[in-house]
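Notebook open, structure loaded. I want to look up one serine first, then some strand pairing, then the nonpolar cores.

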4 protein chains.
Amino acid sequence: MKLLGVRIFRVSKGMVELSVSNRPALRQQDGFVHAGILATLLDSAGGYATLSLLPPGSRVLAVEFKINFTRPAVGDAVHARGRVRKLGRTIAVCELEAKIRQNGKWKSCAWGSQTVYCIKPTDANESPAIIARTSAQP
Amino acid sequence: MKLLGVRIFRVSKGMVELSVSNRPALRQQDGFVHAGILATLLDSAGGYATLSLLPPGSRVLAVEFKINFTRPAVGDAVHARGRVRKLGRTIAVCELEAKIRQNGKWKSCAWGSQTVYCIKPTDANESPAIIARTSAQP
Amino acid sequence: MKLLGVRIFRVSKGMVELSVSNRPALRQQDGFVHAGILATLLDSAGGYATLSLLPPGSRVLAVEFKINFTRPAVGDAVHARGRVRKLGRTIAVCELEAKIRQNGKWKSCAWGSQTVYCIKPTDANESPAIIARTSAQP
Amino acid sequence: MKLLGVRIFRVSKGMVELSVSNRPALRQQDGFVHAGILATLLDSAGGYATLSLLPPGSRVLAVEFKINFTRPAVGDAVHARGRVRKLGRTIAVCELEAKIRQNGKWKSCAWGSQTVYCIKPTDANESPAIIARTSAQP
């Protein structure tokens, strides 16, 4: 997140929005924000959103995410929002959406879903063999 | 790609493999490579792999990708491979896989699929309204 | 659709909702509606929703879909809704959601996204080599 | 499965292949096998493949699947194969692929991935709030 210059823009229970300015290093040579950068932001936003609903000391791991890129990400700033649609005992499903600011107007440029594995403090001795790596931690 | 320090490791018709060293900036505080970084590498690898099968001057756009994270990405180097499974007239489907080197052994840590939109030079006047942004360009 | 006993429940521009009663043949032995049945309904709903925005004589093909199953589909009826989130020149992205009626209350049990390829009448000579099979036709 | 007339074609540790004849009821009016039918077969194949690696009495639940449709499913028979790529303590990831027989030759027509939640007999008191419904049971 530091590498990308990301800031937390908004936080509420089950929803986190990250923001970043579109610096040259994040762009393709045609000026678009790279899909992977959008995915990085969205994955983190979904992880944080899930954490916002879990007890202190919990950890989250991305099981998978799927993102459709619906518009060229041309603009000067990006907002990436993760929102928990369903929180189960061990798995959460988040909706992910990124918007890009073009001439002062925010337009949706990426949208998708994410499965998150939740490890609560009491599960601390769990080490899920399959699941990924920490997608976000406070 | 420059921001991440990525190198092209291998290229053949329909297959591209990128490699990157696991520098501190790419890691979470627990030392894992961030899922978004893996997605960035994989998206690029799939885009390049598709380009390797298209006429010179073609462009590619990621429509979507979906990635499962199957192992904590703890290690000192990452290989990300994109392989075209099906090339149609306008759409390609790629298989994506990332491996991480742990104590000298390569282990699969992320795996998924990607839909790529292909714009050939003769289609140059096309500007697909929906499709994303350039995922890779030579 | 006939095999499953599906009815069109609601249609508006860019949104179609299908409904089906939970007959024994659609269930697992534990009484859940099979994930594949939900996927069948959702795929069709998204295809029809896209068609509702296209000129008469158009066809649609599912490029891919991804569905999260967020609750056991136990209940006596299912609604499957497809909604177009973005319509491009050749590709549409739909949001898919299924709800199940449990003791008179509708609860979300599946949610996901779909990429649809659009063939308009003027494109009639197109035969996209890769894209799938008709997901829905009026 | 009975509704569709599915047979188990091949079973080995971590791999299950189902087969079905392309009867009129499974087709669209243009003769393609419906994407949802392919998804139903693939979801079941992945669930069974996972079960083949678990202790007797285990159950599996589909968390999500994503499928790309890579060729019109025109032909007289379908094989749907699920293969476990990674089995963790609670989650498995499967590769799914369907082939269709056209004039005696088998061609890939759908390909994707599936996340499966595993409930072992000792976990019998677990009732994962979020995860789906039984995708397959012996």
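Started with C:Ser113, which I found in strand 6 of chain C, residues 105-119. Worth keeping in mind that this is a predicted model.

Is C:Ser113 buried or exposed? I get a relative accessible area of 2%, under the 20% cut-off, so C:Ser113 counts as buried.

Next I pulled the contacts of C:Ser113, skipping residues up to four places away in sequence. From chain A I got A:Lys66, A:Asn68 and A:Trp111. From chain C the list has C:Glu64, C:Phe65, C:Lys66, C:Cys94 and C:Leu96. I also noted a polar contact of 2.7 Å between the side chains of C:Ser113 and A:Lys66.

Checked C:Arg10 too: 103 residues from C:Ser113 in sequence, and 19 Å away C-alpha to C-alpha.

Moved to chain D, strand 5 (residues 91-102). I see 10 of its 12 residues buried, so the rest of the structure largely encloses this strand. On one pairing, strand 4 of chain D (residues 77-87) runs antiparallel to strand 5 over 9 bridges, with D:Leu87 opposite D:Ala92. A hairpin of 3 residues links strands 4 and 5 of chain D.

Strand 5 of chain D also pairs antiparallel with strand 6 of chain D, through 12 bridges; there D:Lys99 partners D:Ser108. That hairpin has 2 residues between the strands, and D:Asn103 takes a positive phi near 50°.

Last, the cores. The largest nonpolar core has 70 residues, and I find the most contacts inside it at A:Leu38, A:Phe65, B:Leu38 and B:Phe65. Apart from it lies another core of 68 residues, including C:Leu38 and D:Ala49.

How values were computed:
Residues are numbered from 1 along each chain as its sequence is written. Chains are lettered from A and ligands numbered from 1 in the order in which they are written. This is a predicted model: local features need pLDDT of at least 70, side-chain atom pairs count only at pLDDT 80 or more; totals for chains, interfaces and linings use all residues. Side-chain values use heavy atoms; hydrogens and water are left out. A nonpolar core is a set of buried Ala, Val, Leu, Ile, Met, Phe, Trp, Tyr and Cys residues joined through side-chain atoms within 4.5 Å. Buried means under 20% relative accessible area, exposed over 50%, partly exposed in between (1.4 Å probe, protein chains only). Helices (H or I, at least four residues) and strands (E, at least two) are DSSP runs, numbered from the N terminus. Contact means heavy atoms within 4.5 Å. A polar contact is a pair of N or O atoms within 3.5 Å; within protein, one must be able to donate a hydrogen and the other to accept it, and residues adjacent in sequence count only if both atoms are side-chain atoms. Two strands pair if DSSP finds at least two bridges between them.
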